[in-house]
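This briefing covers the ligand site, the salt bridges and two local features of the structure shown below.

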Amino acid sequence: MNVADVAGVPEWLPDHLREGGIEELYPPQAEAVEAGVTEGESLVASVPTASGKTLIAELAMLSSVARGGTALYIVPLRALASEKREEFAEYERYGLSVGVATGNYEAEGEWLASCDLIVATSEKVDSLVRNDAPWLRDLSCVVADEVHLVDDPSRGPTLEVTLAKLRRLNPSLQTVALSATIGNAGAIAEWLDAALVDSDWRPIDLRKGVHYGQALHFDDGDKRELPVRGNEKPTAAIVRDTLDEDGSTLVFVNSRRNAEGAAKRLAGVTGEALTPEEEERLAAVAEEIRGVSDTETSDDLAAAVERGAAFHHAGCAPEHRSLVEDAFRDRLIKVVSATPTLAAGVNTPSRRVVVRDWRRYDGSVGGMKPLSVLEVHQMFGRAGRPGLDPYGEALLLANSHDELDELFERYVWADPEAVESKLAAEPALRTHVLATVASGFAGSREELLAFLDRTLYATQTDEQGRLERVTEDVIAYLVANDFLERDGDDLTATSLGHTVSRLYLDPMSAAEIIDGVRDGDGRPSALGLYHLVCRTPDMYELYLRSGDREEYTMLAHEREEELLGAIPSEFEEGRWEDWLSALKTARMLEDWAEEVEEDRIAERYGVGPGDVRGKVDTAEWLLSAAERLAGELDLGSAPAVREARVRVRHGVSEELIDLAGVRGVGRKRARRLYDAGVTDRAALRSADKSVVLGALRGRRGTAETVLKNAGREDTSMDGVSADASAAPDAESGSDSAAVGPGGGDRDDQSSLGDF
Ligand code: ADP
């Protein structure tokens, strides 16, 4: 189908697509148009990775907007929200306004209401529904990207319930769900009352195979020699072979440590193949990477990048990840070893994909578990760059003949699994039952069950009584904790319940926090509060490594007085371990708030800069929730909670809170200013400029900005010379002040309640 023949789209679109090199629709796109996607029809598109799903979504959204409507695009990861927003920003020149909902909803509510096209995560949309954002009622089209993630136990239920609520708010809403190829796309279509496009078409051929011994074995029966040298690993041999054909390789491994190890080793292979010009350009990228944060992760990544290799995982700072992705797309970086986070959406195709590890550690089974066919096929889908490569190759690695056969059976020839709703799990229901009642979608047990009946779960279960039973337990829990009131069959949310729902807390986290801040009435310590929020199900704790058990048991005894709530017995294996993991996480936050250097923290706790930032963001959000709850319950601990929150936000001790709150200052600059005698915001306004300039290491631009942000009128640094005594360690190291937990010169170090 030619782009000129698509009905219902804005008149400028065909030319726009042609400009971007798109003349003919891909077959699945044409099918979607035939199914009415540009005329308001709901659709599920189950199509392989990189086969043009985004354009299907755009056709739906743009035609909906052309009819005067508003479209919402739901992404599965926060990192993808800004990427998609940038992608859609190209439509701004045709008069569309494009927004992304990430931060504080109150601040951006009005602005979002004026947008034509909005990008948000499902958690963010859920939170907007709970806060009753009025523009949600005016939506005409919603797109759910990667809808197969309804299968994910931790995040799937939110997507599922959110779609059900949006459809309830707007009965005529067009729902477009994009999915990888899955076993039961029909069931999803049925749930959403949508037409189905179920295709395995790809724009570029994909050859799937397994490397074993000295050869590649392909799915079409073909065999090609690929020798592995003496003490070389198969992955290195494959990367070398790909380089001979001037191609790049994406290697998927099962842990961050493995990703880093592989990049280091593979750099030995790629390093030999670089031209002097490539070396020079890579050195520049490496320098940028070092500038992101002064941690070991940053240094290791830069060292690999200099030689044409890189790793990519959730422990890297976002700036690291985008530098790596860009250089990989520019074909400067020849190999990236990644954990599967990369497969979930970031568009980085590569000539060859190697799925090196097909098993991953799974805490719930206490051992290694094979990846699903769906996951492996999504990684496979990254192979082959249309227009650049003749075809893509996706490979697994076998160590024995038996494994060769097994991998063919298990992955190469296998069809992906069916996705299954995880809504009936208690933690998910606990959260969503409260929110559903609090935001007025159900006022009684009957209405609640009727609402849940519109979810995917209800269409999939054949165990009729189960949902009802779990719902009953959950209601009892919510009533016992004073979040819901029950009168016969009627259900209403208490004022506390409303707050918890709006704060987007798991009710169990809220109950734990309330219990803790009651216990700490008076003046709980920062460590006590950090530990409290780290214990909630909303925080991912750090793992205990060998020796940690003893260390943190000792710490628990030393600082017992400060810890809030009941302490479990050391003999309760699981609970005690969890409680200690929370203590370790809390200790890391305490270090951060006591101005310990970022690289020291990374080393001491065995984490990357992205982890520090993640924990800090979550802790800040949970503490702000704790502050609200303490306020609502009129507890005396609210000011202490506030102080602990601000300290963790900026990573500073108490005395620096005021200074660190000035935009552009941050933890390191605050410390240097303070030590030079400029102890707070007011002092900045009257301080001797040469002292300020000295403390800021002679950076005039920075000094002027900081003074302006502190509210000073005369900010000019012209003719001012830096007071050397204000910068005692000016000689040593680079000025990385104001570097947030994950690096970068972030003025605003984290965004509250931002999903
Ligand atoms: P998916 O979302 O399915 O993983 P994308 O939507 O990212 O895949 O599409 C992959 C690439 O294909 C993009 O670079 C896109 O511009 C290109 N593309 C999409 N549709 C067409 C088309 N009809 N003709 C040519 N290229 C296309």
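The shell around the ligand consists of 5 nonpolar, 5 polar and 2 charged residues. The model is predicted, and the points below start with that shell before turning to the salt bridges, a helix and a loop residue.

**Ligand site**

- The residues around the ligand are Ile-22, Glu-24, Leu-25, Tyr-26, Gln-29, Pro-48, Thr-49, Ala-50, Ser-51, Gly-52, Lys-53 and Thr-54.
- Two of the ligand contacts involve the protein backbone: a polar backbone atom of Ser-51 lies 3.2 Å from an oxygen atom of the ligand, and a polar backbone atom of Gly-52 is likewise 3.2 Å from a ligand oxygen.
- Thr-54 contributes through its side chain, with a polar atom 2.9 Å from an oxygen atom of the ligand.
- The ligand taken alone exposes 570 Å², and the protein buries 71% of that area.

**Salt bridges: Arg-224 and Asp-241**

- The salt bridges in the model number 51.
- One of them joins Arg-224 to Asp-241, with 3.2 Å between the closest N and O atoms.
- Arg-224 belongs to strand S10 (residues 223-225) and Asp-241 to helix H9 (residues 234-244), so this salt bridge ties together parts that are 17 residues apart in sequence.
- Arg-224 has a relative accessible area of 25% and is therefore partly exposed, whereas Asp-241 is buried because its value of 14% is under 20%.

**Salt bridges: Glu-245 and Arg-351**

- Glu-245 and Arg-351 form another salt bridge, in which the closest N and O atoms are 2.7 Å apart.
- This pair links distant parts of the chain, 106 residues apart: Glu-245 sits in the loop between H9 and strand S11 (249-252), and Arg-351 in the loop between strand S13 (335-338) and strand S14 (352-355).
- Glu-245 is partly exposed at 34% relative accessibility, while Arg-351 is buried at 8%.

**Salt bridges: Arg-559 and Glu-590, and a network**

- Arg-559 and Glu-590 meet through their side chains in a salt bridge with an N to O distance of 2.8 Å.
- Arg-559 is in the loop between helix H23 (548-558) and helix H24 (573-593), and Glu-590 is in helix H24 itself, so the bridge ties together parts 31 residues apart in sequence.
- Glu-590 has 8% relative accessibility and counts as buried.
- Shared salt-bridge partners connect Arg-207, Asp-220, Asp-222, Arg-224, Asp-241, Glu-245, Arg-351, Arg-352 and Glu-393 into one network.

**Helix H7**

- Helix H7 (residues 156-169) has 14 residues, and the distance from its first C-alpha to its last is 20 Å, close to the 20 Å expected at 1.5 Å a residue.
- Of the 14 residues of H7, 12 are buried, so the helix is largely enclosed by the rest of the structure.
- The buried residues of H7 are Gly-156, Pro-157, Thr-158, Leu-159, Glu-160, Val-161, Thr-162, Leu-163, Ala-164, Lys-165, Leu-166 and Arg-167.

**Loop residue Asp-389**

- Asp-389 is located in the loop between helix H14 (373-380) and strand S17 (392-398).
- Its relative accessible area is 9%, so Asp-389 is buried.
- The side chains of Asp-389 and Arg-385 are joined by a polar contact of 2.9 Å.

Key
Residues are numbered from 1 along each chain as its sequence is written. This is a predicted model: local features need pLDDT of at least 70, side-chain atom pairs count only at pLDDT 80 or more; totals for chains, interfaces and linings use all residues. Side-chain values use heavy atoms; hydrogens and water are left out. A salt bridge is a side-chain nitrogen of Lys or Arg within 4 Å of a carboxyl oxygen of Asp or Glu. Helices (H or I, at least four residues) and strands (E, at least two) are DSSP runs, numbered from the N terminus. Buried means under 20% relative accessible area, exposed over 50%, partly exposed in between (1.4 Å probe, protein chains only). A residue is near a molecule or strand if one of its heavy atoms lies within 4 Å of it. A polar contact is a pair of N or O atoms within 3.5 Å; within protein, one must be able to donate a hydrogen and the other to accept it, and residues adjacent in sequence count only if both atoms are side-chain atoms. Accessible areas come from the Shrake-Rupley method with a 1.4 Å probe; for residues, only the protein chains shown count as cover. Ala, Val, Leu, Ile, Met, Phe, Trp, Tyr, Cys and Pro count as nonpolar, Asp, Glu, Lys and Arg as charged, and the others, Gly among them, as polar. The expected span of a helix is 1.5 Å times one less than its number of residues.
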